[in-house]
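Thanks, everyone. I'll keep this short and go from side-chain pairs to strands.

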Amino acid sequence: MHLTIVTGGTQGDVQPLVALGVGLRREGHRVRFATHPHFETFVRHRGLEFFSLGGNDPRKVMAAEQRRRPGGGRLGVLWRAFRRPGPSADELRPTQEACRGTDAVIYSPQSGLASVAAHVAEQLRVPSFAVYLYPTAPTRAFPSPFAPPRWRFGRAYNLLTHVTARQIFGLAARPWVNRWRVESLGLPPLPLKHFLRVVGDHRVPQLYGFSPSVVSRPADWKDWQHVTGYWFLDDAEEWTPPAGLTEFLERGEPPVYVGFGSMVDPRPEELSEIVVEALRLTGRRAVVGEGWGGTRCDLANVYHVGWVPFGWLLARAAAAVHHAGTGTAAEALRAGCPSVAVPFFGEQRFWASRLNELGVAPPPIPRRELTARRLADAIEAAAGDAALRQRADRLGARIRAENGVGDAVGIVTRHLSAGLEAARASLPTAGPREIPTAGAR
């Protein structure tokens, strides 16, 4: 079958879905991958068909978003969600074009404009699959990733945070979504109850690309909501480390890794100074990933890197200081590497708290509360605690034994096969629009 994957965001958002696309291609499917032009080479190198969604460079988008955050906090995010006019039909048209001519659509509702692919699949009358990298479906088991991370008020509160987050963002999007459905897709507008509903009627299969050893599947989720395991892209097999990095690693004790990935700090010089002073206080060797924010640390016992496969590097590190982005946290967990989490915003706070709850990281330090002394103490706690290292090793071994991509591919394949069988059975009386997505009842 010809499948389209639609996503956006940063490297950490795109890379797991590329891994899923590679798995689907190996299963015999033809895979079109629609995302930002910034990732074209990355996608094509993995043998997937690339389709450009256009739009701004995600690095510039991330920088602009982080410049706005310090003065607004969560209330500022919600206020901007309601004030934002929404994308134009021209901005949404590439998603329509990306999905045309394919047999099913796989999309990430957590990646901006990619969420509109569900409406395109409805127009095209093809099955769709929603894929997630962190848990957002309503549950009583834990709060929404967008809830205050330190608040714990029980199961009823947990469910309320999910419902509230879903309804706020749904209501904010309702005007432009319905305008686009009517004017561009020829679909009826969605009623208000659709945006207020906790769980939709369509039962589109949902795949969650994280480990059940890290977040257990909640007992109150529905049977079409699947936790598959992480979707890793093993690039290290075809990658050769630079000679200088190899020599640095062999020259002394395992270093600390420090990197904040796609985060573009509004005060980059301050962040670099904090890192420099913290490493000076610990006296530890370090590998510093410059990332999108250009973090620098000019010390004699530091080696700077650009892109490096995390699976390879973190297996050789004493600890990893990072922003707890979904992809980076997953790689640290798989490597059995203790973490020091410095979350900036959003779901990073959820993963940072989860790392601490699992006993593989000291308490997180939010970026706005970061100081050199606190960072130095956290590095020593992560790198110097033998029991913490053992817990990280055991959890890493469980994650490495999982086959998240294989399980996800199997779920997609079974749903598509079930849809085809249902279509054949209904051929005498049903048209294409009546072909159900698997899992529909």
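Let's start inside one helix. R354 and E357 both sit in helix α13, three residues apart, which is about one turn of the helix. Keep in mind that this is a predicted model. The two side chains form a salt bridge, with the closest N and O atoms 2.9 Å apart. R354 is at 22% relative accessibility, so it counts as partly exposed. E357 is at 45%, so it is partly exposed too.

How many salt bridges does the structure hold? The count is 15.

Now a pair that reaches across the chain. D234 forms a salt bridge with R334, again with 2.9 Å between the closest N and O atoms. These residues come from distant parts of the chain, 100 residues apart. D234 is in the loop between β7 and α9, and R334 is in helix α12. Is each partner buried or exposed? D234 is partly exposed, with a relative accessible area of 44%. R334 has 14%, and the cut-off for buried is under 20%, so R334 is buried.

Next, E270 and R367. Their side chains meet in a salt bridge, 2.9 Å from N to O. E270 lies in helix α10 and R367 in the loop between α13 and α14, so the pair ties together parts 97 residues apart in sequence. E270 is partly exposed at 33%. R367 is buried, at 6%.

On to the strands. Five of them form an open sheet with parallel pairing. The order is β10-β9-β8-β11-β12. Which strands are at the edges? They are β10, residues 302-305, and β12, residues 339-341, and each pairs on one side only. Neighbouring strands here are turned by 20° against each other on average, direction ignored. Within the sheet, β8 and β11 run parallel and are joined by three bridges. V256 stands opposite A319 of β11.

After β8 comes a loop leading to α10, and S262 is found there. S262 is buried, with a relative accessible area of 11%. Its C-alpha atom is 8.1 Å from that of G12, although the two are 250 residues apart along the chain.

Last stop, strand β4, residues 104-107. A104 and I106 point one way, V105 and Y107 the other, and all are buried. β1 runs parallel to β4, and four bridges join them. T4 has V105 as its bridge partner in β4. β4 also pairs with β5 in the parallel sense, over three bridges. There, I106 stands opposite F129.

That's the tour. Questions, please.

Methods: Residues are numbered from 1 along each chain as its sequence is written. This is a predicted model: local features need pLDDT of at least 70, side-chain atom pairs count only at pLDDT 80 or more; totals for chains, interfaces and linings use all residues. Side-chain values use heavy atoms; hydrogens and water are left out. Buried means under 20% relative accessible area, exposed over 50%, partly exposed in between (1.4 Å probe, protein chains only). Helices (H or I, at least four residues) and strands (E, at least two) are DSSP runs, numbered from the N terminus. Two strands pair if DSSP finds at least two bridges between them. Axes are lines fitted to C-alpha atoms, for helices over the stretch in contact, and angles run from 0 to 180 degrees between N-to-C directions. A salt bridge is a side-chain nitrogen of Lys or Arg within 4 Å of a carboxyl oxygen of Asp or Glu.
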